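Student: I would like to learn how to read a protein structure, one feature at a time. Could we go through one together?

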Amino acid sequence: MSFTSTGSSPLAAYGWDETLENDFASRRAAGLAPARVIAVDRGLCDVATENGLLRAETGPVATPDPIAAPCTGDWAVLRPGDHPDDRPVMAELLPRRTAIVRSTVSRESRGQVLAANVDTVAIAVSLADHLDLGRVERLLALAWESGARPVVVLTKADSLPGTAEAEAAVAAAAPGVDVVACSATTGDGVDAVAAVLHGTVVLVGPSGAGKSTLGNALLGAEALATGAVRERDGKGRHTTVRRDLLPLPGGGVLIDTPGLRRVGLWDAAEGLQQTFAEIEELAAACRFGDCAHEGEPGCAVLAAVEDGGLPARRLVSYRKLMRENAWIAARSDARLRAEQRNRWKAVSKAQRQMYRERGRDR
């Protein structure tokens, strides 16, 4: 097949702009065409192009590395197939502006990109379920690290007589982040949610959080499959089984994602600093530069907990996520792994020496 170009590209509805067009000029002159990945499925991709929606071969960009592999939201370079009836082939992926990366659930400690070139990460939190602030903080770290702007959307607001208390609790766990409550079922608050979502928006959260129902409300159509939630535990089934990208009626695009059972951090140091900005600010006043906030003298963080300025829960969550991130970094970086191994050797050697000295004292 061949590609055609129009003055006003149909890709504009998917986020194509003048900057991308200017950067693509040399490729277009070589007979290549831009496309945006809508969904990935078994070595093939659904892509939006200037010729409409097409099915493309991943070809040269196919890779077993889940970070480098094509994902929903990627901008791709397509070349025509060798024959008129052949599918177009992805020649390369354009550099990503942002990428939401989590640790894979396997023991290989590899990163996996959930969505690329995202502007807003909408974290869906169901008010019909127990409010898990630790999970909110984990997803915020993921979002901040991606380079996108997080927003927390409290869904199923119609399940409570009022949302002020929940909004205040989440706002305290999400400094500098918009927190909006809505009910996609009744329509209350959906306009307020739409007002804080910009560009390419990705919905993230656990199964049963109401992501697809919210997505349909924003899209103004039943475009996303929805499912019931079990009453006994508030959990839902994976009605969304892949990541799809759809244009929003008011501009921008929406990516719905499957429910995330486990959200492992992946090299999220900067995201954690942003998520726990008040702790990082307090830490600058600690007596020691390497203070671990575990009991050291002159620790400004512990002092803030004692005087009530910092909730103890926030510090516990901070420690937990920092430890997890350090562990993942150590497993994924040979140098850090070697340093960690040497530290354990030193500790083990000191313990053996202590036991020998105790034996001599008997």
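Tutor: Take a single residue as a start: Arg 55 counts as partly exposed, because its relative accessibility is 27%. Keep in mind throughout that this is a predicted model.

Student: With which residue does Arg 55 meet in a salt bridge?

Tutor: In general, side chains of opposite charge can pair when their charged atoms come close. Here the partner of Arg 55 is Asp 41, with 3.4 Å from N to O. The pair links distant parts of the chain, since Asp 41 sits in strand E1 (residues 33–41) and Arg 55 in strand E3 (residues 52–57), 14 residues apart. Asp 41 is also partly exposed, at 29% relative accessibility.

Student: How many salt bridges does the structure hold?

Tutor: There are 14. One of them joins Arg 96 to Asp 74, with the closest N and O atoms 2.7 Å apart. Arg 96 lies in the loop between strand E5 (89–93) and strand E6 (99–103), and Asp 74 in the loop between E3 and strand E4 (75–79), so this pair ties together parts that are 22 residues apart in sequence. Arg 96 is partly exposed, with a relative accessible area of 25%, whereas Asp 74 is buried, at 0%. Salt bridges can also share partners: Glu 137, Glu 278, Arg 313 and Arg 314 are joined in this way into one network. Another salt bridge is formed by the side chains of Arg 28 and Glu 21, at 2.9 Å from N to O.

Student: Which charged residue is buried yet has no salt bridge?

Tutor: Asp 256 is such a case. The nearest side chain of opposite charge belongs to Lys 211, 5.5 Å away. A salt bridge needs the nitrogen and the carboxyl oxygen within 4 Å, so the pair does not qualify. The side chain of Asp 256 does make a polar contact with the side chain of Ser 212, at 2.8 Å. Asp 256 itself is in strand E13 (residues 253–256).

Student: Where are Lys 211 and Ser 212, and are they buried or exposed?

Tutor: Both belong to helix H5 and both are buried. For helices, the general idea is that an α-helix has 3.6 residues a turn, so residues three or four places apart point the same way. In helix H5 (residues 211–219), 7 of the 9 residues are buried, so this helix is largely enclosed by the rest of the structure. Leu 214, Gly 215, Asn 216, Leu 218 and Leu 219 are also among the buried residues.

Student: What covers the buried residues of H5?

Tutor: The cover includes strand E8 (120–126), strand E9 (149–155), helix H4 (190–195), strand E11 (200–204), strand E12 (244–247) and E13. A loop residue also touches this helix: Pro 249, located between E12 and E13, is in contact with Leu 218 and Leu 219. Pro 249 is exposed, with a relative accessible area of 63%.

Student: What is found just after H5?

Tutor: Gly 220 is there, with a positive phi of about 75 degrees. Its C-alpha is 7.5 Å from that of Pro 249, although the two residues are 29 apart in sequence.

Student: Which residues other than glycine have a positive phi?

Tutor: Most residues other than glycine have a negative phi. Asp 267 departs from this, with a positive phi of about 50 degrees, and is found in the loop between E13 and helix H6 (269–275). His 293 has a positive phi near 60 degrees. The place of His 293 is in the loop between helix H7 (277–283) and helix H8 (300–306), and at 6% relative accessibility His 293 counts as buried.

Student: Which residues touch the most other members of the largest nonpolar core?

Tutor: In soluble globular proteins, nonpolar side chains tend to be buried together. The largest nonpolar core here has 43 residues, and Tyr 14, Val 118, Val 121, Val 152, Leu 154 and Val 202 touch the most other members. Helix H2 (residues 133–146) gives the most to this core, with 6 residues. Beyond its sequence neighbours, Tyr 14 is in contact with residues including Ile 38, Leu 53, Trp 75, Leu 245 and Val 253.

Student: How many helices and strands does the protein have?

Tutor: The protein has 10 helices and 13 strands. Of its 362 residues, 44% count as buried.

Conventions:
Residues numbered from 1 in each chain as written. Predicted model: local features only at pLDDT ≥ 70, side-chain atom pairs only at ≥ 80, totals over all residues. Heavy atoms only, no water. Helix = DSSP H or I, 4+ residues; strand = E, 2+ residues; numbered from the N terminus. Buried < 20%, exposed > 50% of the residue type's maximum accessible area, 1.4 Å probe, protein only. Lys, Arg positive; Asp, Glu negative; His and termini not counted. Polar contact = N/O pair within 3.5 Å; in protein donor to acceptor, adjacent residues only side chain to side chain. Core = buried A, V, L, I, M, F, W, Y, C linked by side-chain atoms within 4.5 Å. Contact = heavy atoms within 4.5 Å.
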